[in-house]
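Biologist: Could we go through this model together, so that each label is set against the criterion behind it?

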Amino acid sequence: QVQLVESGGGLVQAGGSLRLSCQASRIIFRIIAMGWYRQAPGKQRELIAAITGGGITNYTDSVKGRFTISRDNAKNTVDLQMNSLKPEDTAVYYCNTRSGAYRWGQGIQVTVSS
């Protein structure tokens, strides 16, 4: 199966920034839309940012204006730049296709302290 490896998480103070990276294997078609998801304790995993193969992006209202998703199709990577972080951003972050078609990776913990 396609493997997805997230990196770049950690602990930051509110207002700080983090950049997450996702390395995907076995993604053949550059057209596939990718996304970043997050799951807070006791909550369902939600798609928070997506990017088409052509670079068109979409965000949930909770992160719009603060997070930026980008991709490098040559490297099969998808990044998430997170600025102005809030405690409510604390979650495990995952990458996948926009439809969640691939096997979920381990995810990466992001913790924002107040």
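**Asn73, Thr77 and their sheet**

Modeller: Leaving aside neighbours within four places in sequence, Asn73 is in contact with Arg30 and Gly53. Please keep in mind throughout that this is a predicted model.

Biologist: Where is Asn73 found, and why does Asn73 count as buried or exposed?

Modeller: Asn73 is found in the loop between strand E7 (67–72) and E8. Its relative accessibility is 17%, and buried means under 20%, so Asn73 counts as buried.

Biologist: What makes the pair formed by the side chains of Asn73 and Arg71 a polar contact?

Modeller: The distance given for these two side chains is 2.6 Å, and a polar contact asks for a pair of N or O atoms within 3.5 Å, one able to donate a hydrogen and the other to accept it. The side chain of Asn73 is accordingly listed as making a polar contact with that of Arg71.

Biologist: Why does Thr77 count as buried or exposed, and which residues does Thr77 touch, not counting those up to four places away in sequence?

Modeller: Thr77, which is found in strand E8 (residues 77–82), has a relative accessibility of 17%; set against the limit of under 20%, that value is why Thr77 counts as buried. With residues up to four places away in sequence not counted, Thr77 touches Cys22, Gln23, Ser70, Arg71 and Asp72.

Biologist: How do you know that strand E3 and E8 pair, and in which sense?

Modeller: Two strands pair if at least two bridges are found between them, and strand E3 (residues 18–24) and E8 have 6 bridges, in the antiparallel sense. As one example from E8, Val78 is the bridge partner of Cys22.

Biologist: Which strands make up the open sheet, and what makes two of them edge strands?

Modeller: The open sheet has 4 strands in the order E1-E3-E8-E7, with antiparallel pairing. Strand E1 (4–7) and E7 are the edge strands, as each pairs on one side only. On average, neighbouring strands of this sheet are turned by 15 degrees against each other, direction ignored.

Biologist: How many helices and strands are in the chain, and why is the chain called as compact as a globular protein of its length?

Modeller: The chain has 0 helices and 10 strands. Its radius of gyration is 13 Å, close to the 13 Å that the globule rule gives for 114 residues, and therefore the chain is as compact as a globular protein of that length. Buried residues make up 41% of the 114 residues.

Technical notes: Residues numbered from 1 in each chain as written. Predicted model: local features only at pLDDT ≥ 70, side-chain atom pairs only at ≥ 80, totals over all residues. Heavy atoms only, no water. Helix = DSSP H or I, 4+ residues; strand = E, 2+ residues; numbered from the N terminus. Buried < 20%, exposed > 50% of the residue type's maximum accessible area, 1.4 Å probe, protein only. Contact = heavy atoms within 4.5 Å. Axes fitted to C-alpha atoms, helices over the stretch in contact; angles between N-to-C directions. Rg over C-alpha atoms; globule rule 2.2 N^0.38 Å.
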